[in-house]
Amino acid sequence: MNYKAFRTQLLVLAGFLLFSTYAFAYDPDAVAANMSSTTSQSTQTSAAASGDEKFNPGEMIMHHIADAHDWHIYGHIHMPLPVILKTDKGFEFFSSGNFRNHDTHAEQPYKGTHYTYALHHGKIVVWDEVMHKENEEATHHLLDLSITKNVITLFILVGLMLGIFLTVAKAYKKREGQAPKGIQSFVEPLIVFIRDDVAKTSIGPKYQKFMPYLLSVFFFIFFSNLLGLIPFFPGGANFTGNIAVAMVLAVLTFIITVINGNGHYWRHLFAMPGVPVGVLLILTPIEIMGLFLRPFVLMIRLFANISAGHIIALAFYSLIFLFANGGESAGAGYGVSVLSIAFTVFMMFMELLVAFLQAYVFTLLSAIYFGSAVEEHHHEEHADHAHAH
Amino acid sequence: MGLILPDTGLVIWMSITFLIVLFILKKFAWKPILKGIHDRESSIENALKAAENAKAEVANLKAENERILADARAERDNMIREARELRESMISEAKNKAKAEGEKMLTAARESIQNEKMAAITDLKNQVAQLSIDIAEKIIARELSSENKQKELIGDLLKEVKLN
């Protein structure tokens, strides 16, 4: 890979990251399309387009931070994504474009091989055509393995990570012992930071075993957070702010902690040495609860922080349309847009920091949990020292 | 609410993909990268240590050189001093020897002078004795030339000899 070209791309990316948001905000067409698509989606299943196109910021925001079966590119252009369903009668493969009427762009049910399916609040349900409502019994047996917006983001992220780090690895082999160059010098400080300030300090001498996981998690979260800040196609998905993604990462941390827990760790968990039995009866349940609470908090923190960033940016933009009141007072909308953009610029900078911070915090806490799991006992040594003195 | 309920599909995709990525990166990226960084760090550390060692070595060498120089200087001084001493001792020895020789020659000369003198004296004594005898002979010869005189002498001699 050409390092210079990559650097330029990064710069362009960062530039877009900061400026394209406003361009989108100023584009009334895009916004109108956005509004109509959101409202049509929400009204499709309930009031069947009553003509009341009132802007609902709550629904718009929830729609944007949730996973989707298609990728809204621009205006009425949606990128359809493959739908993979496992039903009780077998697998179904079709394009999510089938859910959208070609001419009206309105949502519609799709008749597959086994059932008829429809989108209900962004989720695929089995549609009872006769009753004109969701077949909840069949939906219950449905396993949605579709390549959704977040899965595509996952693949983009994986491609990005493999591309960057395999290139960097090659550079380390090729330029052995030489100073880092190009993209190598971008990732090396981060790698060294994770190694020295996160792994070594939190885990201790056994840190090497955990480095691959810590580095992977750090860069995975960091890159996906950054990708989430890009407001158009390759980015924009609320990937790390998706609870499923945060959950998988937190569960992996939990599993690695539990697998690597030594006798000292479990002894301290179930029977803290030197604590009377009466206290243990209270302490042990709390410790066990803490064991499961830690990954849970890890998940919630990542999910909530990243989602909050997306929600805030979207909320500021929603203000413009609330003030514009559907075009009745466009002046107020334009006036507020200045304020909204200023606030969003500020938030974007905050989010850049948060993108790094959340990746760092997740990695650091994982490292601390690993460190507590592999920690050798010091108490007896302390006791010995005390005796010796 | 859909926001806080994880989608099973995404959980499955995420788990499989992340684990595969973790495996690939661990094997083909993190291992060589960490090894590369570690190797470079240790090589830099070694280089610094080597530089430090070289510096110490140079200092040692300098000290050694100085020591050798000082030694050489001392050696030279020593040699000069020894040479001077040798010269002095040689001169004094020669002087002594010459003095002794001179003394010896002087003594020998004195002895021989003494001997010569003695010989001369002896010779002189002999000659004086001879001369005295000759003179006495002549005197006697002259004194006893007449009869009277012979009788007178006999008379004197007889006077001296008192017969008791």
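In the predicted model, chain A has a mean pLDDT of 80, with 83% of its residues at 70 or more. Confidence varies among the elements of chain A: the lowest mean pLDDT, 39, belongs to helix H2 (residues 28-44) of chain A, and the highest, 94, to helix H8 (residues 243-260) of chain A. Two stretches of chain A have a pLDDT below 50. One of them spans residues 10-52 of chain A and makes 42 contacts in the model beyond near neighbours in sequence. Another, residues 381-389 of chain A, makes 0 such contacts. For chain B the mean pLDDT is 89, and 98% of the residues reach 70 or more. For the complex, the predictor reports an ipTM of 0.78 together with a pTM of 0.72.

Chain A comprises 12 helices and 9 strands. Of its 389 residues, 34% are buried. Among the contacts in chain A with a separation of 6 or more, 61% link residues 24 or more positions apart.

Chain A is divided into two parts, domain 1 (33-147) and domain 2 (151-386). The centres of domain 1 and domain 2 of chain A, taken over C-alpha atoms, are separated by 32 Å. Contact between them involves 12 residues from domain 1 of chain A and 15 residues from domain 2 of chain A. On the side of domain 1 of chain A that touches domain 2 of chain A, helix H3 (57-65) and strand S1 (70-74) of chain A each supply at least two residues. The most is given by H3(A), with 5 residues. By class, this side of domain 1 of chain A holds 10 nonpolar, 1 polar and 1 charged residues.

Several strands of chain A are paired. An open sheet is formed by 3 strands of chain A in the order S4-S3-S9, with antiparallel pairing. Strand S4 (90-95) and strand S9 (143-144) of chain A are the edge strands, each pairing on one side only. Strand S3 (residues 82-87) of chain A is joined to S9(A) by 2 bridges, and the two run antiparallel. A:Lys86 has A:Leu143 in S9(A) as its bridge partner. In general, strands of a sheet pair through backbone hydrogen bonds, in either a parallel or an antiparallel arrangement.

A run of antiparallel pairings also links S5, S6 and S7 of chain A. Strand S5 (residues 110-111) and strand S6 (residues 116-120) of chain A pair over 2 bridges in the antiparallel sense, and A:Lys111 stands opposite A:Thr116 in S6(A). The connection from S5(A) to S6(A) is a hairpin through 4 residues. S6(A) is in turn joined by 4 bridges to strand S7 (residues 123-128) of chain A, again running antiparallel. Within this pair, A:Tyr117 has A:Val126 in S7(A) as its bridge partner. The hairpin of S6(A) and S7(A) has 2 residues between the strands, and A:His121 takes a positive phi near 55° in this hairpin.

The largest nonpolar core contains 64 residues, and those with the most contacts inside it are A:Ala199, A:Phe210, A:Leu214, A:Phe218 and A:Ala246. Elements of both chains contribute to this core: helix H5 (149-174), helix H6 (183-203), helix H7 (211-229), H8, helix H10 (277-324) and helix H11 (330-374) of chain A, together with helix H1 (8-143) of chain B, each supply at least two residues. H7(A) provides the largest share, 14 residues. Leaving aside neighbours within four places in sequence, A:Phe210 is in contact with A:Ala199, A:Ile203, A:Ala367 and A:Phe370. A second, separate core has 13 residues, including A:Ala118, A:Ile124, A:Val126 and A:Leu142. Nonpolar side chains tend to be buried together in soluble globular proteins.

At the interface between the chains, 31 residues of chain B are in contact with 38 residues of chain A. The side of chain B that touches chain A is made up, by class, of 20 nonpolar, 7 polar and 4 charged residues. Helix H1 (8-143) of chain B, as noted for the largest core, supplies at least two residues to that core.

Definitions and conventions:
Residues are numbered from 1 along each chain as its sequence is written. Chains are lettered from A and ligands numbered from 1 in the order in which they are written. Two residues are in contact if their C-beta atoms, placed from the backbone, lie within 7 Å. Ala, Val, Leu, Ile, Met, Phe, Trp, Tyr, Cys and Pro count as nonpolar, Asp, Glu, Lys and Arg as charged, and the others, Gly among them, as polar. Domain bounds come from an automatic or database domain assignment. pLDDT is the predictor's confidence in each residue, from 0 to 100. Two strands pair if DSSP finds at least two bridges between them. A nonpolar core is a set of buried Ala, Val, Leu, Ile, Met, Phe, Trp, Tyr and Cys residues joined through C-beta atoms within 7 Å. A residue is buried if 20 or more other C-beta atoms lie within 10 Å of its own, exposed if 12 or fewer, and partly exposed in between; C-beta atoms are placed from the backbone.
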